[in-house]
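User: Hi! I would like a close look at a single part of this protein before I go back to the bench. Could you walk me through it in plain words?

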Amino acid sequence: MIKHKRALGGALTLAVAVGVMAGSLPGDAAAATRARTTTAQSTHAADDARLRALMHRLTTADGAPGALVATRDRRGSAVLTSGVADVDSQAPVRGDSRFRIGSMTKPFVATVVLQLVGEHRVDLDTPVERYLPGVVRGHGNDGRVITVRMLLQHTSGLPDYLDHLNPQDILKDPLAHHDTHDLVNLALAHPPAFEKPGALPGSEWHYSNTNYLLAGMLIEKVTGHAYGEEIGRRIIEPLGLHDTSVPGDATSIPGPHPRGYVRPGEDAPLLDITAFNPSIAGASGEMISSGTDLNRFLDALVRGKLLRPAQLKAMMKTRPTGSDDGREYGLGLESRPLPCGGLYWGHGGDIFGYQTAGGATADGRQATVMTNVDPGGTDAQDADMEAVVRTGLCEGRPAHSQ
């Protein structure tokens, strides 16, 4: 969800000056954090050494205070943790931790929309205008030519509201409510985000959080209930996801959880932003969950337990994103190749205080990783989190050979 997460130094410096956050990491505590070794809570007798090494690297060289990875396959499940949940108390990360999941919210939202498609209450190739009349208009943005499918696949061309949001406005008052309509209108005050002149909706892939704010609004319009209520009724309750919630304006994280931090600069102290109103993310990234719950959700999704075959096929019909790692994007779900062969399906997530990534394979393997710093992580942290997911999914499997 967070944009420009490596370059928020000015905004966060302002936040320190006005005293809106607390919880810096003293030099001695930082050294202690680097020195901590990985802890494990596992049902597996043998842990993968490379996975442990990656987890240790996340909380040493990469600079995250703490990290967690939950893996699951037909043999059982495991949780590995590294580093600390709280830089002041030095409490270790718990294996049953809950955390904010950022854009990993998007697969939940897309699943509800696709369930409505399966119920013949929504048509993927119908313009958004039918469901949200008059909402998507202005500066070349037109809901009469943008379809529901384009929203879910990020091919609408709609500008991302986060590109036009001043982080200082959030950091001055991190507990403030943000209205979804206002955020959408912020985006629509700008022209479409196409790269090619004259490009039309559907022709280019461009990730935009605005798409999922609108998807949440569409769910509410069609069902008469808030999108979070529908996620609860259709996904959370049937799957027994007891650690998962859609918080709305609630600023705390229920249950055991690590503190969430931001880092304003490369050598700056960490700042605590655990208490935060996630309405700034809404249906694009406000949910809370755990590694175990996310694995259960992703497994149910990719193995057809939440969607009918036609809708799951539509979700998994991908298009290239232009990334050099082979990532392709479907409808709220992305695919990436695995070094041990095949693909995994999942998503990543960034929101103030936490970064997550997770994936699942069609044959029943899942892995979800979390670190409790964002923004302010490094490019190496991004790469290592993806490596954790790939390693967790490939553990115990022979390397793929061409």
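What covers the buried residues of helix 12?

Analyst: Happy to help. This is a predicted model, in which local features need pLDDT of at least 70 and side-chain atom pairs count only at pLDDT 80 or more, while totals for chains, interfaces and linings use all residues. Residues are numbered from 1 along each chain as its sequence is written, and side-chain values use heavy atoms, with hydrogens and water left out.

The cover of helix 12 includes helix 3 (49-58), along with strand 2 (66-73), strand 12 (334-337), strand 13 (343-351), strand 14 (354-360) and strand 15. Contact here means heavy atoms within 4.5 Å. Helices (H or I, at least four residues) and strands (E, at least two) are DSSP runs, numbered from the N terminus. The buried residues of helix 12 are Gln381, Asp384, Met385, Glu386, Ala387, Val388, Val389, Thr391, Gly392, Leu393 and Cys394. Buried means under 20% relative accessible area, exposed over 50%, and partly exposed in between (1.4 Å probe, protein chains only).

Helix 12 itself has 16 residues and spans 23 Å from its first C-alpha to its last, close to the 22 Å expected at 1.5 Å a residue. That expected span is 1.5 Å times one less than the number of residues. In the loop between strand 15 (366-371) and helix 12 (379-394) sits Pro375, and the peptide bond that joins Asp374 to Pro375 is cis, with omega near -5°.

Helix 10 (residues 291-302) makes a useful companion: its 12 residues reach 17 Å from first C-alpha to last, close to the 16 Å expected. Helix 10 is mostly covered, with 10 of its 12 residues buried; among them are Gly291, Asp293, Phe297 and Val302. Just after helix 10, Gly304 takes a positive phi of about 80°.

Now to a pair of helices. The axes of helix 7 (residues 180-188) and helix 8 (residues 209-223) come within 10 Å and cross at roughly 140°. Axes are lines fitted to C-alpha atoms, for helices over the stretch in contact, and angles run from 0 to 180 degrees between N-to-C directions. Helix 7 and helix 8 are therefore oblique to each other, since angles under 35 degrees count as roughly parallel, over 145 as roughly antiparallel, 65 to 115 as roughly perpendicular and the rest as oblique. On the helix 7 side, Thr180, His181, Leu183, Val184 and Ala187 make the contact, and on the helix 8 side Thr210, Leu213, Leu214 and Met217 do.

Leu213 of helix 8 deserves a second glance. Leu213 is buried, at a relative accessible area of 1%. Leaving out residues up to four places away in sequence, Leu213 touches Tyr161, Thr180, Leu183, Val184, Ala281, Gly282, Ala283 and Ser284. Of these, Ala283 is 70 residues from Leu213 in sequence, yet the two are 5.1 Å apart in space, C-alpha to C-alpha.

Finally, two histidines in loops. His120 lies between helix 4 (105-118) and strand 5 (137-138), has a phi near 65°, a positive value in a residue other than glycine, and counts as exposed at 71% relative accessibility. His139 lies in the loop between strand 5 and strand 6 (141-142). The phi of His139 is near 55°, also positive, and His139 is exposed, with a relative accessible area of 53%.
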